[in-house]
Amino acid sequence: MFTVSVLATAAKVLFSGIIVVAASEIAKQSTIIGALIVSLPITSILALTYLYLDTGDTTQVADLSKDILYLILPSTALFVVLTFLLRRDWEFFPALSVGVIATIICYGIMIYFSQGESLKNLSG
């Protein structure tokens, strides 16, 4: 028998997946509209909403919101590197891999140099 928690989690996964699929399908018709949808902080909005609905704790929501803000800048490394490499005729998956690695490195640098208490203590 499924519990309410399992069903709620399944609904979150389904809803989140629908947004990703819809954005990629729209991008086939118009890359700018697809980009607009993907650039909206939908994932952040969903995560913040789900966290609040699950915990009712606005302090946790505020901490997550602050940490998301700190990590936006390093996440742009993916797009800069991917665009740069694809424009130089790299294959997609190697370019994407290098972009992901660059992003991980930038996240590490940001976390290392961060003054944010919760950002430095990611393990708890």
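Visitor: Which residues in helix 4 meet S44, A47, L48, L51, Y52 and T55 in helix 3?
Guide: This is a predicted model. Contact here means heavy atoms within 4.5 Å. By that test, the listed helix 3 residues meet T58, Q60, V61, L64, S65 and I68.

Visitor: How are helix 3 and helix 4 oriented to each other?
Guide: Two packed helices are described by the angle between their axes and the distance between the axes. For helix 3 and helix 4, the axes lie 9 Å apart and the angle is about 160°. Angles over 145 degrees count as roughly antiparallel. Helix 3 and helix 4 are therefore roughly antiparallel.

Visitor: Is the crossing of helix 3 and helix 4 left-handed or right-handed?
Guide: The angle of about 160° does not name the hand by itself. The hand depends on which way the near helix is turned from the far one. For helix 3 and helix 4, the crossing is right-handed.

Visitor: How far apart are the axes of helix 4 and helix 5?
Guide: Helix 4 covers residues 58–86, and helix 5 covers residues 92–113. They pack at an angle of about 155°, which makes helix 4 roughly antiparallel to helix 5. Their crossing is right-handed. Their axes are 8 Å apart.

Visitor: Which residues in helix 5 meet helix 4?
Guide: On the helix 4 side, the contacts include Y70, L71, P74 and S75. Across from helix 4, the helix 5 residues are F92, A95, L96, V98, G99, V100, A102, T103, C106, Y107, M110 and I111.

Visitor: Which residue forms a salt bridge with K12?
Guide: Side chains of opposite charge can pair when their charged atoms come close. For K12, the closest N and O atoms of the pair are 2.6 Å apart. The pair links distant parts of the chain, helix 1 and helix 3, 42 residues apart. The partner of K12 is D54.

Visitor: What accessible area does the nonpolar patch on the surface have?
Guide: The patch is formed by I101, I105, I109, Y112 and F113. One of them, I105, lies in helix 5. Together they have about 580 Å².

Definitions and conventions
Residues numbered from 1 in each chain as written. Predicted model: local features only at pLDDT ≥ 70, side-chain atom pairs only at ≥ 80, totals over all residues. Heavy atoms only, no water. Patch = residues over 30% accessible without salt bridge, like charges linked within 9 Å, V, L, I, M, F, W, Y side chains within 5 Å. Areas by Shrake-Rupley, 256 points an atom, 1.4 Å probe, with all protein chains shown as cover. Salt bridge = Lys/Arg side-chain N within 4 Å of Asp/Glu carboxyl O. Helix = DSSP H or I, 4+ residues; strand = E, 2+ residues; numbered from the N terminus. Axes fitted to C-alpha atoms, helices over the stretch in contact; angles between N-to-C directions. Parallel < 35°, antiparallel > 145°, perpendicular 65-115°, else oblique.
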